[in-house]
There are 2 protein chains.
Amino acid sequence: MTDAEIIAEPGVPQVIISREFAATPAVLFRAYTEPDLLARWIGPRGYETTVDVLEPRDGGRWRYTHTVPDGDRYSFFGLYHGDPTPRQIVQTYEFDRQPGHVYLNTITFEARGSRALMRQNTVFQSVEDRDVYVLGGMEKGIHVSMAKLDELVTSLQQ
Amino acid sequence: MTDAEIIAEPGVPQVIISREFAATPAVLFRAYTEPDLLARWIGPRGYETTVDVLEPRDGGRWRYTHTVPDGDRYSFFGLYHGDPTPRQIVQTYEFDRQPGHVYLNTITFEARGSRALMRQNTVFQSVEDRDVYVLGGMEKGIHVSMAKLDELVTSLQQ
């Protein structure tokens, strides 16, 4: 298993995450755009995740909710700009605990032989918003989600 | 007339434009969200501008087209994330000559006595995209559009 690389430069309102998977872009695309598959990998272990809406088309909406073990809930939601494809997904992103703070997320999948490189490029309205995201446990969360995604796509690929 | 301030720092995928107008946030909001008003100020002088779609609501679409004097046309389009209000408009942005390159644009209007400060914060997927935007005549275009907007909102305010 390879670890995700996370780039968050000082003073730049951006985070770039990249990781290689033992799966094709088509399989990764399924894991990002099929509600039952997305619910299996997005977010921390031990949380219950429901995908409330997922409309992978230009102008479509998406929303998922995590329920933490004490019963508390929080949601992320947004819109797809352009039709998502196994090459590129572009989506807006908002966290319900930070209303009005919006990110733009671009996810690309690039074939590397029988594997694929996933790259997630997130840009924020400000460096402050980026720092809230990074300091809010993003790094641990990303590594956990990416490990769960790895397990899922490896099993789907077989 | 005050000039727009434009901030585009090296190595940062962002442009911030700010300018004060002799109009309230409500009047500025109308100029951004009513198709016939928007067509009167957006873009260079001497171009014909049509607002093809403008749905100022969460998930709504927008699109406008410039026709240059030689008959060539180009369009900008995107989606509204969240309901636009006289406080904040958040929209995705794409130029039809650069398909798949998307910006996130946040426009805020802040009352300053009988005037208002407009702030447009644009973040790009990369510094390269930001530089294409800046080098593509953005600065001149912004100053012209802002001068036209100033004339429009000053007349509406009276």
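This is a short tour of a predicted model with chains A and B, stop by stop.

**Before you start**

Residues count from 1 along each chain as its sequence is written, while chains are lettered from A and ligands numbered from 1 in the order in which they are written. Because the model is predicted, local features need pLDDT of at least 70 and side-chain atom pairs count only at pLDDT 80 or more, though totals for chains, interfaces and linings use all residues; side-chain values use heavy atoms, with hydrogens and water left out.

**Stop 1: chain A as a whole**

Select chain A and colour it by secondary structure. You should find 3 helices and 8 strands (helices are DSSP runs of H or I with at least four residues, strands are runs of E with at least two, both numbered from the N terminus). Walking along the sequence, the pattern reads β-β-α-α-β-β-β-β-β-β-α.

The C-alpha atoms fill a box of roughly 40 × 35 × 30 Å along the principal axes. The radius of gyration of chain A is 15 Å, which agrees with the value near 15 Å for a compact globule of 158 residues (taken over C-alpha atoms; the globule rule is 2.2 Å times the number of residues to the power 0.38). Of these 158 residues, 51% are buried, meaning under 20% relative accessible area with a 1.4 Å probe, protein chains only.

**Stop 2: the sheet of chain A**

Now show just the strands. In what order do the 8 strands of the open sheet lie? The order is 1-2-8-7-6-5-4-3, with antiparallel pairing (two strands pair if DSSP finds at least two bridges between them). At the edges are strand 1 (5–7) and strand 3 (48–54), each pairing on one side only. Neighbouring strands are turned by 20° against each other on average, direction ignored (axes are lines fitted to C-alpha atoms, for helices over the stretch in contact, and angles run from 0 to 180 degrees between N-to-C directions).

Zoom in on strand 2 (residues 14–21) and strand 8 (residues 115–124) of chain A, which pair over 8 bridges. Click Ile16(A): its bridge partner in strand 8 is Asn121(A).

**Stop 3: the helices on the sheet**

Next, select helix 1 (residues 25–33) of chain A. Helix 1 packs on the sheet and touches strands 2, 3, 6, 7 and 8 of chain A, its direction making about 150° with that of strand 7 (a contact means heavy atoms within 4.5 Å). Then pick helix 3 (residues 127–157) of chain A, which touches strands 1, 2, 7 and 8 and makes about 10° with the direction of strand 2.

**Stop 4: a hairpin**

Move to strand 3 and strand 4 (residues 61–67) of chain A, an antiparallel pair with 6 bridges. Glu48(A) stands opposite Thr67(A) of strand 4. In the hairpin, 6 residues lie between the strands, and Gly59(A) takes a positive phi near 85°.

**Stop 5: chain B and the axis**

Bring chain B back into view. A turn of 180° with a shift of 0.0 Å along the axis lays chain B on chain A with an RMSD of 0.0 Å (least squares on C-alpha atoms of residues with pLDDT of at least 70 in both copies). The two copies are thus related as by a two-fold rotation axis.

Which residue of chain B comes closest to the rotation axis? Select Val12(B), whose C-alpha is at 2.8 Å. The copies meet through the same surface, since 100% of the interface residues of chain B are also interface residues in chain A.

For a last look, select strand 4 (residues 61–67) and strand 5 (residues 73–79) of chain B, which pair in the antiparallel sense over 7 bridges. Here Thr65(B) has Ser75(B) as its bridge partner in strand 5.

Notes
Buried means under 20% relative accessible area, exposed over 50%, partly exposed in between (1.4 Å probe, protein chains only).
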